[in-house]
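Colleague: I would like a close look at one part of this model. Please start with the whole chain, then move inward.

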Amino acid sequence: MERKEEEEEEEEIVCLESFFINDDYQLTTFTFGSQVLQLLCLQSASTDFDLTGQLVWPGATLLNDYLSKNAEMLQGCSIIELGSGVGVTGILCSRFCREIVLTDHNEEVLKILKKNIELHKSFGTSNSSNWMTSEKLEWGDSDQLNQILGSHLGGFDLILGADIYILIIIIFCPSNTKIFQQNSIPLLFDTVEKLLRVRGKDQCKFILGYVSRAKVMDVMVVSEAVKHGLDVAEVAGSRTVIGNLEGVIYDITLQ
């Protein structure tokens, strides 16, 4: 019996050691309308489930296309981006807005995010290069959020996010497959609600670039927002197909 337990423990160790962190970042060019960005990102993901932010996801492409066509809404604004990843959306916004805070929770992702911010400051392409910063923010962590708000007492004009709402983790082991699901949607909207309430009704909104990957997720995002006292409105004309996925832009505000 003891031998069997040791073998099972060894299997778990083998499983966990099979993870690797891919840091083969490549300078990649992205074009959104008239805006051309170059930033470091991966072409394929790490096997570590928590490093999805190393890639540029379809939702970011959707949101950036929308923002580049409506750049006037960014002029003079203060912005916070949730789940910034490599920073493709925040860096685009920095060309128009007054200030922007890019956030992520993963230390490895924050490293490449900071590199991309410095890269764009060196290019001199950001309108607010002195006011583009990165901060660690775990959704639902009041201490981290309060620390950010301590430097921005009036809150933010806009909250941005794209492809940031759920993690599904699949771990393959030699003898079996284990599936774990971590739902980040409630914690996301905990954070969004707190940020919106700093300014109050009609003074701030959350713009979400949403890509549909499962019907249950579509329902969950809207229902969780409503539970937090928020209105979800589809931006007219924003629904489109990216690859083989349907995407849409949502404006989310306090009820």
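What percentage of the 255 residues in the protein chain is buried? Then take helix 2: which of its residues are buried, and what covers them?

Modeller: This is a predicted model: local features need pLDDT of at least 70, side-chain atom pairs count only at pLDDT 80 or more, and totals for chains, interfaces and linings use all residues. Numbering runs from 1 along each chain as its sequence is written, and side-chain values use heavy atoms, without hydrogens or water.

The whole chain first. Of its 255 residues, 49% are buried (under 20% relative accessible area; exposed is over 50%, partly exposed in between; 1.4 Å probe, protein chains only). The protein chain holds 7 helices and 12 strands (DSSP runs numbered from the N terminus: H or I, at least four residues, for helices; E, at least two, for strands). Take the contacts (heavy atoms within 4.5 Å) with a separation of 6 or more. Residues 24 or more positions apart account for 66% of them.

Now helix 2. It covers residues 58-69, which is 12 residues. At 1.5 Å a residue, helix 2 should span 16 Å (1.5 Å times one less than the number of residues). Its end C-alpha atoms lie 17 Å apart, so the two values agree. The buried residues of helix 2 are G59, A60, L62, L63, N64, Y66, L67 and S68. An α-helix has 3.6 residues a turn, so residues three or four places apart point the same way.

The cover comes from several elements. It includes strand 1 (26-32), helix 3 (88-93) and strand 6 (158-162). Strand 9 (205-212), strand 11 (240-242) and strand 12 (245-254) are also among the covering elements.

Strand 9 deserves a second look. I207 sits in this strand. I207 counts as buried because its relative accessibility is 0%. Set aside neighbours within four places in sequence. I207 then contacts L63 and Y66, which are buried residues of helix 2. The other contacts of I207 are M73, L158, I159, L160, G161, I249, Y250 and D251. D251 is 44 residues from I207 along the chain, yet their C-alpha atoms are separated by 4.9 Å.

Next, the largest nonpolar core (buried Ala, Val, Leu, Ile, Met, Phe, Trp, Tyr and Cys joined through side-chain atoms within 4.5 Å). It has 69 residues, and I79, L82, Y165, F189 and L208 touch the most other members. Helix 6 (residues 185-199) gives the most to this core, with 6 residues. Y165 touches L208. Y165 also reaches N183, S184, I185, L188, G209, Y210, V211, R213, M217 and V221, with residues up to four places away left out.

T191 is in helix 6 too. Its relative accessible area is 3%, so T191 is buried. Beyond four places in sequence, T191 contacts L82, L137, W139, G140 and L145. L82 is one of the core residues named above.

Finally, two loops. Most residues other than glycine have a negative phi. D163 and D202 have positive values: phi is near 50° at D163 and near 70° at D202. D163 lies in the loop between strand 6 and strand 7 (167-172). D202 lies in the loop between helix 6 and strand 9. D163 is buried because its relative accessible area is 17%. D202 has 63% relative accessibility, so it counts as exposed.
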